[in-house]
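Here are my notes on this model, point by point. Please read them with the coordinates open.

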Amino acid sequence: MEFKIIKLKVKQIFKALFLVGIVFLFISLFLNWYSYQVYDINNDLIASWNYNLFTGWNTPLSAAFTLNKLFRPDNLNLSPIMHILLIGISVICVYIALIKDVDQDVSPQRLKNYSYLNFFLLLLVGFYVVIFPVAYLLLNDLYFPYLKYEDIQANITYVYSLNIGYYFQLIALILIFPYILFYYQTITTFEREEHTMEKAIVRYIEKNQEPLDLDKFIAEEELKQKVGQKEPLDEVELIYSQFQKKRARK
């Protein structure tokens, strides 16, 4: 009883962290993910660009900064479909966490399908946290997490850095991971318990609504384990009769 109470508290904590993580995830999509600044020899700002997932590169500087456009980074060409997919899967996973609780009395297979959606969300967030910096930033000579480079010959200083949007996404990944793993492990444990001999006997009785012949049931289970699939009834009867003869000799 005490173990169940502890497990319930752990689940509630993980679920709360998961929901907070989803909030961080949503906010991150509308913040700047990367920043790039250029300074002259007097350490005056001459160019500044920020990257947003939806709007791409944007600058906080006015048109008076004539050199700003010259230092604009290349487009990263990250498809907006990825962002829309991430939002859609996030909404579905929040629904699963709030409505399709892991402790509900439903079939293990149905719960496992929900857990696959959770893992898909985890993969999507992992894409933004791991693949995005390597495949989209680094390949465009945009360094991370932070780099200050001084070009002595040109008397120019470049500053590269990840911005708050990326760090919010990283926090989201850390927060959603425990509940997704807990959800899956609970399902697999429940599924193993459903396939024990005791549960199989109960399902057999409920299905047939008649007294259970344990010898025949064991013969059927042995046949299934040997061939890996259900065979015709006459083979079951053959194994059953052989089993009865052996027992009669004893």
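1. The expected span of a helix is 1.5 Å times one less than its number of residues. The model is predicted, and helix α2 is a good place to apply that rule. Helix α2 covers residues 80–98, which is 19 residues, so it should span 27 Å. Its end C-alpha atoms are 28 Å apart, which agrees.

2. Which residues of α2 are buried? They are His83, Leu86, Ile89, Ser90, Cys93, Ile96 and Ala97. Around the axis they cover an arc of only 140°, which puts them on the same side of α2. The general rule is that an α-helix has 3.6 residues a turn, so residues three or four places apart point the same way.

3. Now turn α2 over. The face directed away from its buried side carries exposed residues: Ile81, Ile84 and Leu98. Exposed here means over 50% relative accessible area.

4. Check the peptide bond between Phe144 and Pro145. The bond is cis, with omega at about -5°. Pro145 sits in the loop between α3 (108–137) and β4 (146–151).

5. The loop between α3 and β4 also holds Asp141. Asp141 is not a glycine, yet its phi is positive, at about 60°. Is Asp141 buried or partly exposed? Its relative accessible area is 48%, so Asp141 counts as partly exposed. The cut-off for exposed is over 50%.

6. Asn43 is another non-glycine residue with a positive phi, in this case near 65°. Where is Asn43? It lies in the loop between β1 (32–39) and β2 (45–52). Asn43 has 54% relative accessibility and therefore counts as exposed.

7. Phe14 belongs to helix α1, residues 2–28. With 24% relative accessibility, Phe14 counts as partly exposed. The cut-off for buried is under 20%.

8. What does Phe14 touch, leaving aside its neighbours within four places in sequence? Its contacts are Pro178, Tyr179 and Phe182. The C-alpha distance from Phe14 to Leu181 is 9.7 Å, while 167 residues separate the two in sequence.

9. For a second look in the viewer, I would list these items. One is the cis bond joining Phe144 and Pro145. Another is the positive phi of Asp141. A third is the positive phi of Asn43. Last come the contacts of Phe14 with Pro178, Tyr179 and Phe182.

Key: Residues are numbered from 1 along each chain as its sequence is written. This is a predicted model: local features need pLDDT of at least 70, side-chain atom pairs count only at pLDDT 80 or more; totals for chains, interfaces and linings use all residues. Side-chain values use heavy atoms; hydrogens and water are left out. Helices (H or I, at least four residues) and strands (E, at least two) are DSSP runs, numbered from the N terminus. Buried means under 20% relative accessible area, exposed over 50%, partly exposed in between (1.4 Å probe, protein chains only). The arc is that of the directions from the helix axis to the C-beta atoms. Contact means heavy atoms within 4.5 Å.
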